[in-house]
Amino acid sequence: MTIELDKAPTFTPLRDVRGLTGELVNHFVANVASKTSPGDAIAADVTRMCLEIVGGVIESRDVTDKLKRLSVAAAGWAHVGVPIEVVLRAFHEGLRLSVEQVYTTEVAHDRDTMIDGFRTILSISDLMCTTVTRSYLREQREVADEHRTAVHTLTTALLAGRPTSTIARECGISVADAYSVLALSIPAHPDEADARFNGSVVARRKLRRVQAALAHHCGERALAQLSVDGGTLLLPTESMNDTQLDALIASLSHAARVDITAALVPAATADIADGARRAHEMLDMVERLECAPRLYRFDELALEYQLTRPGPARNLLGNLLTPLDNHPELYETLRIHISNNMNRQRTARLMHIHTNTVDYRLRRIATLTGLDPTQSSGLWQLRSAMIARSHQGSPTSTTAHEVDATGFLAARSA
């Protein structure tokens with residue numbers, strides 16, 4: 001590859017590349033490379049290649065092979081993790097020093113000569129910078145793809161309960177003794193349903209923002225399998241405390257621009273498969289109960305979780321509310337009243353009815369079900385019945401008869 005020059009500017013011929021490189025490396029290491037890593041090696045490589053390419057272009061020689069060497073070197077720097085800013089700084093410093101060596105400063109130049117020289121320098125800079133960045137970014141993408149594949153393979157093995165020691169060694173990823181297993185639900189962004197936008201594109205961008213935020217907060221500690229709707233996240237137990245986990249979910253929600261709901265179950269590495277199953281069961285329960293979006297832990301929902309397990313007890317509890325199937329206004333009143341921690345005024349205000357109407361409906365509920373919501377024993381059974389019914393798959397569990405578990409938690413702790 002050569003660059004044609006209409007009017008070659010006056011340059012000093014570039015002859016002793018090795019000697020000039022030695023001088024430039026000393027300057028470079030003292031002023032630039034000492035602040036970076038790996039220092040001398042990059043300085044020597046960059047300055048040598050810059051000198052050779054600059055000299056070749058100026059003397060109208062083919063520099064294709066030299067550009068290939070520069071491309072291979074840039075890929076190598078990317079592979080070992082040298083930051084791109086270090087590479088580009090080294091490149092520009094090497095180019096500057098090279099131009100200073102070959103551009104004659106002892107000769108007076110007219111305007112046209114100076115313009116031609118400037119154009120030549122820009123052409124060389126563009127040629128070399130494009131070569132470096134293209135090769136660097138290509139290699140970086142390949143390294144990132146390899147890492148993502150490794151993370152996916154290891155995460156899949158952990159979630160399946162398969163042995164992971166061999167996979168971990170092959171992937172170069174260490175496995176912790178215990179993990180915080182999080183099941184995540186990422187709701188659709190409003191723009192996904194907007195006819196003006198491509199819903200699939202909006203969803204993928206949402207996922208990329210979440211992944212970027214996760215990488216920012218957790219680095220390579222996080223093992224994740226995520227889709228646009230949610231997924232599973234494994235974090236070494238010792239890497240984050242409770243406060244940090246809450247902050248992580250808040251940060252992921254901010255990045256997604258939607259409110260993320262998560263369920264957390266701690267598990268030893270050998271028990272991750274069971275922990276993930278339990279976390280997703282709890283997340284499903286949380287969503288059925290219309291909990292407020294946040295991070296939920298197993299210990300705070302253990303009672304609700306147990307009440308939703310399949311069996312005759314759950315069916316019996318759910319059937320306690322059968323008398324209300326034909327009275328949706330009564331069920332809704334009970335649901336809102338419990339979620340408001342039995343505050344009559346707040347229930348009346350939310351339902352736009354009088355407090356006397358709330359009292360009347362509560363009495364009707366007691367008459368139909370035989371359970372008085374104004375008494376602790378009746379309220380306990382009615383609350384449990386609502387939780388159980390949310391997992392029975394009955395028509396009422398998917399329409400008006402949804403339960404706000406936030407209210408249950410508040411009522412239980414009151």
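A residue counts as buried when its relative accessible area is under 20%, and that cut-off is worth keeping in mind while touring this predicted model.

Begin by selecting Y305, which has 8% relative accessibility and therefore counts as buried. Next, add F298 to the selection; at 25% relative accessibility, F298 counts as partly exposed, because partly exposed residues lie between the under 20% limit for buried and the over 50% limit for exposed.

With both side chains displayed, turn to how their rings are arranged. The structure holds 1 aromatic pair, and F298 and Y305 form this pair in an edge-to-face arrangement, with 5.1 Å from centre to centre and 65 degrees between the planes.

Now bring in two arginines, one for each ring. R278 lies over the face of F298, at 5.9 Å from the ring centre, while the charged end of R309 sits over the ring of Y305, at 4.1 Å from the centre of that ring.

From here, move along to helix 11, which covers residues 312-319, and colour R314, L317 and G318, which are buried. Looking down the axis of helix 11, you will find that these buried residues fall within an arc of 95 degrees, so they line one face of the helix. Rotate the view to the other side of helix 11, where P312 and L316 are exposed.

To finish, show what lies against the buried residues of helix 11: they pack against helix 10, residues 302-307, and against helix 15, residues 376-389.

Methods: Residues numbered from 1 in each chain as written. Predicted model: local features only at pLDDT ≥ 70, side-chain atom pairs only at ≥ 80, totals over all residues. Heavy atoms only, no water. Buried < 20%, exposed > 50% of the residue type's maximum accessible area, 1.4 Å probe, protein only. Helix = DSSP H or I, 4+ residues; strand = E, 2+ residues; numbered from the N terminus. Arc of directions from axis to C-beta. Contact = heavy atoms within 4.5 Å. Phe/Tyr/Trp six-rings, centres within 6.5 Å; stacked < 30°, edge-to-face > 60°. Lys NZ or Arg CZ within 6 Å of the ring centre and 35° of its normal.
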